[in-house]
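Q: Please take a close look at a single part of this model, the strand barrel with the residues packed within and around it. A connected account for work at the bench would be welcome.

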Amino acid sequence: MTEVQKPPETLPMKIVVNILLAVVMIFPLVLVGSGLWLLGQRQFGEKVEAEVLHCDIDIGYKASKQYCTARWTQDGVVHTGPIQGSGDNEVGDTVTATIRGDELYSRSLGLPLILLGLGLPFCVLPYSFVRRKLRRT
């Protein structure tokens, strides 16, 4: 009797498929989690009016980041510092912001809603996959 052996390419291909499946399963959950976290950061905390003073763009080799500075008054004391979630289109404007610890967050809902809008529809894939796997057992 001869033994039937699997070709050696099968195992590496299985690993690649499993890694791709894990990414497809985890990616929507990361999007939804990030959107919910940003939504919480922007909505819960002490609300203040902040004037966006200026924004600087840090251009790197592969990516660029924008850092904005704002001035706000808290308990009668004027503070100046970074504001998260604000852009150069808001320079000179007064925006509503939330203070969480030492950080100031713009209350703009654009990015959290985009993340939730992209992540929630794709959560159907992990849900249906897990549901199908549980039905088989």
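**A salt bridge and its setting in the barrel**

A: E51 is partly exposed, with a relative accessible area of 29%. The model under discussion is a predicted one. The partner of E51 is R71: their side chains meet in a salt bridge, with a distance of 3.0 Å from N to O. Because E51 belongs to strand β1 and R71 to strand β2, the pair ties together parts that are 20 residues apart in sequence. R71 likewise counts as partly exposed, since its relative accessibility of 36% falls between the limits of 20% and 50%. By the rule applied here, the count of salt bridges comes to one. Side chains of opposite charge can pair when their charged atoms come close.

The two strands that hold this pair belong to a closed barrel of five strands, which runs β1-β2-β3-β5-β4 with mixed pairing. From one strand to the next, the twist averages 50 degrees. Within the barrel, β2 and β3 pair in the antiparallel sense over seven bridges. T73 stands opposite V78, a residue of β3.

The account now turns to the nonpolar residues. The largest nonpolar core has twelve residues in all: V48, A50, V52, C55, C68, A70, W72, I83, V95, A97, I99 and L104. Two or more residues of this core come from each of β1 (46-59), β2 (64-74) and β4 (94-100). The largest share is that of β1, which gives four residues. In soluble globular proteins, nonpolar side chains tend to be buried together.

One member of this core, C68, may be followed through its contacts. Not counting residues up to four places away in sequence, C68 touches V52, H54, C55, G81, P82, I83, S86, G87 and D88. Among these partners, V52, C55 and I83 are themselves members of the core.

V52 also leads to a residue outside the strands, E90, which is placed in the loop between β3 (77-84) and β4. Leaving aside neighbours within four places in sequence, E90 is in contact with V52 and V95, and both of these residues belong to the largest nonpolar core. E90 has a relative accessible area of 18% and therefore counts as buried, the cut-off being under 20%. E51, by contrast, is partly exposed at 29%.

Terms used
Residues numbered from 1 in each chain as written. Predicted model: local features only at pLDDT ≥ 70, side-chain atom pairs only at ≥ 80, totals over all residues. Heavy atoms only, no water. Core = buried A, V, L, I, M, F, W, Y, C linked by side-chain atoms within 4.5 Å. Buried < 20%, exposed > 50% of the residue type's maximum accessible area, 1.4 Å probe, protein only. Contact = heavy atoms within 4.5 Å. Salt bridge = Lys/Arg side-chain N within 4 Å of Asp/Glu carboxyl O. Pairing = 2+ DSSP bridges. Axes fitted to C-alpha atoms, helices over the stretch in contact; angles between N-to-C directions.
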